[in-house]
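Please take a moment with the sequence and the structure shown here before reading on. The paragraphs that follow go through a few places in turn.

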Amino acid sequence: MQIAPLTVLLIALFSLKPTLSEDLSLPDEISATRLRRQADDHICIKEVKRTETYQDVEKRSVKTLEVARCAGADGSTVACRRVKRSELEVPVMKKRQVTVNVNVCCSGWSRESDEGPCNIPVCETGCGNGQCVAPNQCNCEGTGMEGTKCQRKKRLAVMLVDKEMKELIQKREARSIERSRRATSGVIGNPVEVGSACEEGSTAEQGCTSCYCQDGTWACENVDCDGACTVLGDGHFITFDNLSFQAKGTCEYVLAKDCSSLNAFEIKISMEKIGDYQAAATAVEIRYNDNRVSLRAGGSVYANGEPTTLPSSVGSIYVLNSGFYILASTSEFTLRYDTAGTIYLEVSTDMMERVCGLCGDFDGNPDNDMLSRLGAVISDPNVFAASWQSDASCDSEEFAVATCDGERRQQAENDCELIRQYSDQCADIHGYYEMCVADICSCAEERTSGRT
């Protein structure tokens, strides 16, 4: 019997196998190896149920029609048809639930992307301005805060200042007090003359000079003193070498900087116009090596461009509140700013003849303190100040000149009389007295002009 082509066609169709779109299963050995290798990267194994598609076979009954040659009733051969039943295995696609191992970040860790490493620690309650360095562990260094979440202000007793810097600040404070004591010593009003007669055993101190009576005559010697520079009121400056001058402007100026090859620090001040007659320092910018601190009028402090709270350590710059002042200190200098225009800058004796700027060169000679950026000694304070502008293109505003004579000066002198009461105790009281008189006259001019 011959099988018709139709039968062959049916069998061929049922024997075709479908192609799977994906195979979600992995060999157990490969999967386990991968998980073990990643376990050290804060990756954990999580069981997840998934639906997967797989191929199976089913047996089906198939009818086929055959055409054959059959014997007829008259004995002849005729064509005939008959139905044949058979079973075929047919491929089918099915779905099933499977449990698979999935790599996820362990508790306390996260990742930037689905394929990235789990190397980002998570602090569930946050760290404020601090940094999350491990799961639920905050680093508050440099923020002036403490606590598990950097949530409370650090106490001065535990501020982030190392032992050596604490000792340095204390010593510098002691030297400042000693300098003030020397400046207000009773003998200052009547300075001694070397070689003049004296009572054996007597001592006298004047500024950075210590004198003693030896064999009935005065002998003196210099003692180490840190350099001190002051900015007061309406653009009044007193240099490291005790030169006083007044310069008004509305730009940013270099107050003092390390002009040696080390270039360790630079301190700038911004001056702003107050009314028509006065100027005041409204900001201090400190650069020490690669770190920067900005002190602003009103008391705000910025560390490398970001707001910070006090006390704080910015590299090797230590910043804290000290009475009415914000204090910024390094191994080379200590600066105090009252955030209203008064600045006190002290530099160590190591900085002698290494500094430059509006505070002078700290070489003991006030005659060369107004040394311009180009190295020329200038007699005009405003021209001298302009040479130390940070931006040479800054065009400083003009100031009106306040009159200070007649009744107005008399009133200013009366207001400043308290300072003169200490003339027998302070060698340079006259300079402060004249600053006081000039500033009060300027304020009186503002009031007269209808301004405050």
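The torsion about the S-S bond of C211 and C220 is about 105 degrees, so this disulfide is right-handed. The sulfur atoms of the two cysteines are placed 2.0 Å apart in what is, it should be said at once, a predicted model. The two partners do not fall into one class of accessibility: C211 counts as buried because its relative accessibility is 5%, under the 20% cut-off, whereas C220, at 29%, counts as partly exposed.

A disulfide is a covalent bond between the sulfur atoms of two cysteines. The structure holds twelve such links, and one of them joins C44 to C106, with the sulfur atoms 1.8 Å apart. This link is right-handed, with 110 degrees about the S-S bond. Because C44 lies in strand β1, which covers residues 43–71, and C106 lies in the loop between β2 (77–105) and β3 (109–110), the pair ties together parts that are 62 residues apart in sequence. Of these two cysteines, C44 has a relative accessibility of 29% and therefore counts as partly exposed, while C106 has 16% and so counts as buried.

A further disulfide connects C416 and C436, with a distance of 1.9 Å from S to S. With -85 degrees about the S-S bond, the link of C416 and C436 is left-handed. The pair links distant parts of the chain, since C416 is in the loop between α5 (406–415) and α6 (417–420) and C436 is in helix α7, residues 429–448, with the two positions 20 residues apart in the numbering. C416 has a relative accessible area of 1%, and is therefore buried.

From the disulfides we can turn to the nonpolar interior. Which residues touch the most other members of the largest nonpolar core? In that core, which has 49 residues, they are L255 and L345. Strand β17, residues 278–288, gives the most to this core, contributing five residues. Leaving aside neighbours within four places in sequence, L255 is in contact with a number of residues, including V231, F237, I267, I269, I343 and L358, as well as L345 itself. Apart from this core lies another, of six residues, and C127, C138, C140 and M145 are among them.

Strand β16, which covers residues 265–274, holds E266. Is this residue buried or exposed? At 14% relative accessibility, E266 counts as buried, because the value is under 20%. When its neighbours within four places in sequence are left aside, E266 is in contact with V254, A256 and K257, and also with E285, I286 and R287.

The last stop is a position in a loop. A197 is found between α3 (163–183) and β9 (203–206), in the loop that joins them. Its relative accessible area is 69%, over the 50% cut-off, and A197 is therefore exposed. Even so, A197 has contacts beyond its neighbours within four places in sequence, namely with G216, T217 and W218. For one of these, T217, the C-alpha atom lies 4.5 Å from that of A197, although the two residues are 20 residues apart in sequence.

Methods: Residues are numbered from 1 along each chain as its sequence is written. This is a predicted model: local features need pLDDT of at least 70, side-chain atom pairs count only at pLDDT 80 or more; totals for chains, interfaces and linings use all residues. Side-chain values use heavy atoms; hydrogens and water are left out. Helices (H or I, at least four residues) and strands (E, at least two) are DSSP runs, numbered from the N terminus. Buried means under 20% relative accessible area, exposed over 50%, partly exposed in between (1.4 Å probe, protein chains only). Contact means heavy atoms within 4.5 Å. A disulfide is a pair of cysteine sulfur atoms within 2.5 Å. A nonpolar core is a set of buried Ala, Val, Leu, Ile, Met, Phe, Trp, Tyr and Cys residues joined through side-chain atoms within 4.5 Å.
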